[in-house]
Amino acid sequence: MSSSAPAPSAPEGRGPVTGPAAMRAVNRSALLGALFLMATSAIGPGFITQTANFTVQLGAAFAFAIVISIVVDIAVQLNVWRIIGVSGLKAHELGNRVLPGLGWLIAALVATGGLVFNIGNTAGGGLGLNAMLGLDATWGGIITAVFAVGVFVSKRAGVALDRIVVVLGVVMILVTGYVALVSRPPVGEALRNVVLPEDVSFLVITTLIGGTVGGYITYAGAHRIVDAGITGVDSVKQISRSSVVSIVLTGVMRFLLFLAILGVVAGGAQLTGENLAAQAFQSAAGEVGLRLFGIILWAASISSVIGAAYTSVSFLTTTRTRPRTRNLLTIAFIVVSATVFALLGQAPSTLLIVAGAVNGLILPLGFAVLLWVAWRRQDLLGGYAYPKWLALLGTVIWLLTIYLGYQSLSGIAALWS
């Protein structure tokens, strides 16, 4: 190679890369950011609401639903990250290659769903600041949106995005872990229910899957690695490892939150009303517990505002879109979400649960496109021989998501009524 050859181009939002060691460091940072982006996008207000409601409903038996959802989520994300990562094309771009216009249909569904969820995320941020500092919830939501906009105003938005989601994710896990210890849950009973569940609910499993890998969340991490330039066959191992870790992180947070609330319920506390999680944290640790809940809810909300906006806009752009244009569109998306929230004032917890369940019904469509690429469109993967076992596993899980979605239809109708 000539000494005058240009240095490798830097991933979006990052400075110049001057050598292999620097490139590896940048890739590690971007992969860490991508996996936390996926995880923290999933851990939003709906995630907290679902976990609290279902823990109260099922008790220790909820542990089984959590584990099943984690297994399904890993199979989904392994396929999604690898197909998108190897191809270097985002999900809607692949959809348009498979069938012209199909990708834009998926983009419209995901972006619309992302906007609805972001209104709820903004509302969650307001409630979090209210619980943490006593601020008016509407103003709290607006402040949350302003913080989120600040991430994308930065000239190095990519770096800011990766770092902020990592910090928020770590804070949520540590604080929830502390409350789980304080509440003294019956861990043995929970572990027994992982293997021998006392109750199994298809609606709950479907809702968890929809809330963790449904809608925009499915593609958050995978689209981030494309924007960061971590693509191609050479990156397969890194991509696959990160996809699994992202789901494991989400599962750890879910299980810790479940244990924290289970300890309170098992101790005899009666949790009723809209905000069961806040009641559980206050019951476990008093006024401090309520403030800690505010921290968790706000961190979950702002990370989901960021994730929903970033991923939804990634469906409205392509890999050729300039980073500055993408950032401006993301800022506009957050502003629109915050404006609608300010006009509505709140997002009821029942709607958040229903939205998660509906995401479980939408999931099969986009996943089907990616699996078609894995099975039939090797040309879109640069000649990469996609592992048959992984495609087969993905297909089995795809059929399962259809079945679970069908089973949940009556449950969703019941929630609406």
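**Helices, salt bridges and cavities in a predicted model**

Helix α5 has 32 residues, which should span 46 Å at 1.5 Å a residue, and its end C-alpha atoms are indeed 46 Å apart. Helices here are DSSP runs of H or I with at least four residues, strands are runs of E with at least two, and both are numbered from the N terminus. The expected span of a helix is 1.5 Å times one less than its number of residues. The model is a predicted one, in which local features need pLDDT of at least 70 and side-chain atom pairs count only at pLDDT 80 or more, while totals for chains, interfaces and linings use all residues. Residues are numbered from 1 along each chain as its sequence is written, and side-chain values use heavy atoms, with hydrogens and water left out.

Just after α5, G134 takes a positive phi of about 80°. Helix α7 can be read in a similar way. With 27 residues, α7 reaches 39 Å from its first C-alpha to its last, close to the 39 Å expected at 1.5 Å a residue. Just after α7 comes R184, with a positive phi of about 50°. Most residues other than glycine have a negative phi. R184 has its positive phi although it is not a glycine. This residue, R184, is found in the loop between α7 and α8 (187-195), and it is exposed, with a relative accessible area of 73%. In these terms, buried means under 20% relative accessible area, exposed means over 50%, and partly exposed lies in between (1.4 Å probe, protein chains only).

Two alanines in these helices show the buried side of the picture. A157 lies in helix α7 and is buried, with a relative accessible area of 3%. The C-alpha atoms of A157 and R324 are 9.2 Å apart, although 167 residues separate the two along the chain. A190, found in helix α8, has 0% relative accessibility and so counts as buried. Between the C-alpha atoms of A190 and F255 there are 9.8 Å, with the two positions 65 residues apart along the chain.

The next topic is charge. Side chains of opposite charge can pair when their charged atoms come close. The structure holds six salt bridges, each defined as a side-chain nitrogen of Lys or Arg within 4 Å of a carboxyl oxygen of Asp or Glu. One of them joins R224 to D162, with the closest N and O atoms 3.1 Å apart. Because R224 lies in helix α10 (residues 220-227) and D162 in helix α7 (residues 157-183), the pair ties together parts that are 62 residues apart in sequence. Both R224 and D162 are buried.

A salt bridge within one helix links E287 and R291 (2.8 Å, N to O). These two residues are four apart in helix α12 (residues 276-316), so about one helical turn separates them. E287 is partly exposed at 43% relative accessibility, and R291 is partly exposed at 33%. The side chains of D379 and R377 also meet in a salt bridge, at 2.9 Å from N to O. Here D379 is exposed, with a relative accessible area of 52%, whereas R377 is partly exposed at 21%. In addition, K90, D227 and R326 are linked in a network of salt bridges.

The surface also carries a nonpolar patch, formed by L133, L135, W139, I143 and F147, with about 530 Å² of accessible area together. Patches are made of residues with over 30% relative accessible area and no salt bridge, with like charges joined within 9 Å and nonpolar side chains (Val, Leu, Ile, Met, Phe, Trp, Tyr) within 5 Å. The areas come from the Shrake-Rupley method with a 1.4 Å probe, and for residues only the protein chains shown count as cover. Helix α6 (residues 137-153) gives the largest share of the patch, three residues. L133 lies in helix α5 (residues 102-133) and counts as exposed at 59% relative accessibility.

Finally, a search of the whole structure finds six cavities of 30 Å³ or more. On a 1 Å grid over the protein atoms alone, a cavity is a set of points where a 1.4 Å probe fits but cannot get out, and lining residues have an atom within 4 Å of a point. The largest cavity has a volume of about 100 Å³. Its lining has 15 residues, of which A42, F47, F117, G211 and I217 are the closest to the centre. Helix α2 gives the most to this lining, with four residues.

Technical notes. 1 Å grid on protein atoms, 1.4 Å probe; cavity = no way out; pocket = protein on both sides within 12 Å on 5 of 7 lines; lining within 4 Å. Points joined across faces, edges and corners; volume = space filled by probe spheres on them.
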